[in-house]
Structure formats: structure tokens, C-alpha cells
Amino acid sequence: MTGSDQLLPVLHALRVRGVADAPEIARRTGLPEVGAEELLLDAEASGLVVRSPFAGPHHWSLTERGAAVGEALLAAQLDRAGARSVVEDVLTGFGPVNDLVTSACTRWQLTELGLTSQPATLDGVLRDLAEAADALAAIEARLVAHLPRFEGYQRRFTAALGRARADPSWITATDRDSAHRVWFELHEDLLATLGIER
Amino acid sequence: MAFTRNPVTGARTTVVEAVPGTGDRLVSGGTEPERWHAEPGARPRVDRARGVLSPDQARAVVVSAERVERLLGGPQDVEWALDTAGTVWTLQARPVTAHPTGAAGPPPGAVGAVLSSGTPASPGTASGRVRVLRGVDDLPAFRPGEVLVCRATSPAWTPALAHAAAVVTEVGGLLSHAAIVARELGVPAVTGVTGARDLLDGALVVVDGSAGTVRLVAA
């Protein structure tokens, strides 16, 4: 692999994670940790990434330039794979499933906050999220057929649901790969891939 | 759209407005929608027919809007869509916000008039200085304890949200990712505030994430 082939996975991992340190980038990209660190330092010198102001001292995030360069590389990859219409079609179908996930997360939060006169049950919320996981399996299969980097969302989402039954904080926690965090990443991935503003 | 109170009289009637295709033409007011109304427990009746919904479809929308009202515990404006399979999707809901203007003056104390309002998205009230962030490159300018104002949030914004007194976004509703993250972090949030980024940097405001308001604190 050349340097520019490795740049996209690093920029993209930061795009969808938001903020990450080198070991996390290495896990996400499959690069060795020292390689990820070097790529991050090169990208910092080029103004593509910065040390993230509100996370740990070793955490990085993209600059606007880094996000734009990442989007250009993603667009080139998308067109090489001939997959633009597939991803556009996936994003269209994503809306209703996204509503299912965000409303299940919201119902659960409002129940926990005591803000609803009709409390949700954990069973009901997890049933909706399991339905979304089934839809996600089909979505991911379509994407991975053209773009292997989409692999893993369904596995991570389902793992979060598995843990949520015993510990419901796995539904919406921000400090781990909760169901909502994985879903938020996938949404960001689809938008970045098509260069669409949120 | 569906309103679980008559928008004019406030009576307990669900009013449904429908246009073919997507709802942006309805929201922008550029078209005369079909209109139905339903008294509690009664079948919906059409007020202005445009050949958009069948009586059963109108009823499905009414039932769905009334579920949203029960779920959220108050009158709601519900944005919905009906797909070709006949499923009603709730896209967004916000508490009915129309009050008679001028009925309530500024509350006692230093808190001034409502500068802007939107969807109450994460409960609680907090005050702080406004910091308008137009993109991730503005993040370093943000100081913990400020009121973070932006268009929408992506995963990169989560660490800053965790340090914000409150969050105000221009787009999104109760279900948006920013709302879910703010509730998770216990940060008051108001979403869907049109023109929020026109707020002045440094202005001292009180954000009420339960009422959906941003108020200026008098100097």
C-alpha cells in the first residue's frame, strides 16, 4: 500500500468515530499502531487532523480540510467501485430504519428520565432495535458487496443489543460502542460517502 | 403534519394536513394541503379534499398522532409520512408551541424575552455565554460552560457537547442524534431553532431544554 492508500482509512476512521487515539485507529483500520501514529503525525503536518481539544491528550479529530480531503477520496473510491447508485439507494431506505432506532432510543431515554406518561418497556425497545438490526444486516450486505469497509456495523450493533438486556446503558451511552453510537457512526459513514451535509 | 389540538381554537381535535410526495411543500406553506379533522374517538372527516388520503389512511394518521401525544405526554405537532405499503411513519414531533402572543411578559428577575424557540430536546435549564460554531475548525474556540450553538452535530462534536452548559441546534427534533447525545450527557438541549447561528457570540442566555426556549439574560 502507498501512503495515500493508507490515508483514507485513517481519515475515515476519524470521520465516523469523531475522536479517536492511535490504538483505536489501528483497530479500526487494521494498520499497526505505530503506522497509524505516523500517518496521524503526517496528516497533522498537512493540516488534516488536530489533537482534539476536549478529549484525552492523545486523541485526534479531523479539521474541515481533513473532512473535505476524506470526502474527495471517498468519492473517488465510490466511483471506482461503481457503487454510487447503490449507496444512494441505501440512504433512501435508511431513513425509516433510522427513525425506528432514534425513536426507540428516545422512548427509552424519556422513560428513564421519567418524562413520559407512557413508559416504554426494555423488551419493547429492544424488539424495535432488533428489527433495525435485521434491516441493518441487509443494508450492510448490499454495501459490503461493493465497499468492504462497511463490514462490522451489524456485528457491533447486535453486540450492543446483547449487552443492553442486562445493562440498558448499552442502548445510548456515548463512552462505548452502544447501539446508538454504532448507529450514529453508520449514519455519518453514509453521509460522508455521498458527501451530504447533515 | 398532524396537530393533536386544533391549532386555532386549542380544542381537543386532531387536525391532519396532507400533500402528495414529501412534506417540504407543506412546511414551506407553498401549497394548499388536504385537511381532515377527528374528534376524540370519532372517525376523521375531510374539511378540504384534494384526493390525497383515503378515510382509512386519515384514520391511521390520527391514531399514530394520538399515540405520539400519549407517549410524550402533551399536545403535539407531528410530522408524518405514509409509504406505498400503507405504513404511517412518524418523522418528527414537537410540543404545540403556539401561545397567544404577548400573554406572558418576561418572568421576574433578570431573564429577558425569548430570543428563539424550538423543540425541547433534552430537559433542564442552564445559563452560559453563546458560542456559535460553524464547523469543526471552530471547536477550539469553544470554552467549557458555554452554550454551544450549531447547525447539527456529527460524532466529532460529542466531547465538546459533554462540556457545554447547553446545546442549541438549527436542525433536528426530539429524535435527532444531537438530542439523544445531549440527553445521554445530561446537557439541556433545544433543537430545530431556525436561525440559531444568528445568536451573538458572548451573549449571556438561559436555555430551557424542557420548554424549548433561549432567553437573553439582561446585563
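**Exercise 1. Two helices early in chain A**

Task: Determine how helix α2 (residues 22–29) of chain A and helix α3 (residues 33–45) of chain A are arranged, given that their axes come within 8 Å and cross at roughly 110°.

Solution. The model is a predicted one.
- Step 1: Angles of 65 to 115 degrees count as roughly perpendicular, and α2(A) and α3(A) are therefore roughly perpendicular to each other.
- Step 2: For the handedness, α2(A) passes α3(A) in a right-handed crossing.
- Step 3: On the α2(A) side the contact is made by Ala22(A), Pro23(A), Ile25(A), Ala26(A) and Thr29(A), and on the α3(A) side by Glu33(A), Ala36(A), Glu37(A) and Leu40(A).
- Step 4: Sorted by class, the residues of this contact of α2(A) with α3(A) are six nonpolar, one polar and two charged.

**Exercise 2. Two helices late in chain A**

Task: Describe the packing of helix α7 (residues 153–164) of chain A against helix α8 (residues 179–194) of chain A.

Solution.
- Step 1: The axes of α7(A) and α8(A) lie 8 Å apart, and the helices pack at an angle of about 160°.
- Step 2: Angles over 145 degrees count as roughly antiparallel, so α7(A) and α8(A) are roughly antiparallel to each other.
- Step 3: The crossing of α7(A) and α8(A) is left-handed.
- Step 4: From α7(A), the contact takes Tyr153(A), Arg156(A), Phe157(A), Ala160(A), Leu161(A) and Ala164(A); α8(A) supplies Ala179(A), Val182(A), Trp183(A) and Leu186(A).
- Step 5: The classes in the contact of α7(A) with α8(A) are nine nonpolar residues, no polar ones and one charged.

**Exercise 3. The chain A fold**

Task: Which pattern does chain A follow along the sequence, and does its radius of gyration agree or disagree with that of a compact globule?

Solution.
- Step 1: Chain A contains eight helices and three strands.
- Step 2: Their order along the sequence is α-β-α-α-β-β-α-α-α-α-α.
- Step 3: A compact globule of 198 residues would have a radius of gyration near 16 Å, and the 18 Å of chain A agrees with this.
- Step 4: The C-alpha trace of chain A spans about 55 × 40 × 25 Å along its principal axes.
- Step 5: Of the 198 residues of chain A, 39% count as buried.
- Step 6: Among chain A contacts between residues at least 6 apart in sequence, 54% join residues at least 24 apart.

**Exercise 4. The side of chain A that touches chain B**

Task: Which element gives the largest share of the side of chain A that touches chain B?

Solution.
- Step 1: The contact between the chains involves 35 residues of chain A and 30 residues of chain B.
- Step 2: On chain A, the elements giving two or more residues are α1 (3–17), β3 (59–62), α4 (64–80), α5 (84–112) and α8.
- Step 3: The largest share, eight residues, comes from α5(A).
- Step 4: By class, this side of chain A has 13 nonpolar, 15 polar and seven charged residues.

**Exercise 5. Two residues and their surroundings**

Task: Classify the burial of Val90(A) and of Ala93(B), and list what each touches beyond four places in sequence.

Solution.
- Step 1: Val90(A) lies in helix α5 of chain A.
- Step 2: With 19 other C-beta atoms within 10 Å, Val90(A) is partly exposed, since a residue is buried if 20 or more lie within that distance.
- Step 3: Val90(A) touches Ile139(A), Arg142(A), Leu143(A) and Leu190(A), not counting residues up to four places away in sequence.
- Step 4: Val90(A) and Ile139(A) are 49 residues apart in sequence, and their C-alpha atoms are 6.6 Å apart.
- Step 5: Ala93(B) lies in strand β6 (residues 88–95) of chain B and counts as buried, with 23 C-beta neighbours inside 10 Å.
- Step 6: With residues up to four places away in sequence not counted, Ala93(B) touches Val68(B), Leu72(B), Gln76(B), Asp77(B), Val78(B), Gly173(B) and Leu174(B).

Methods
Residues numbered from 1 in each chain as written. Chains lettered and ligands numbered in written order. Predicted model: local features only at pLDDT ≥ 70, side-chain atom pairs only at ≥ 80, totals over all residues. Helix = DSSP H or I, 4+ residues; strand = E, 2+ residues; numbered from the N terminus. Rg over C-alpha atoms; globule rule 2.2 N^0.38 Å. Buried ≥ 20, exposed ≤ 12 C-beta atoms within 10 Å, placed from the backbone. Contact = placed C-beta atoms within 7 Å. Axes fitted to C-alpha atoms, helices over the stretch in contact; angles between N-to-C directions. Parallel < 35°, antiparallel > 145°, perpendicular 65-115°, else oblique. Left-handed = near helix turned anticlockwise from the far one by under 90°. Nonpolar A, V, L, I, M, F, W, Y, C, P; charged D, E, K, R; others polar.
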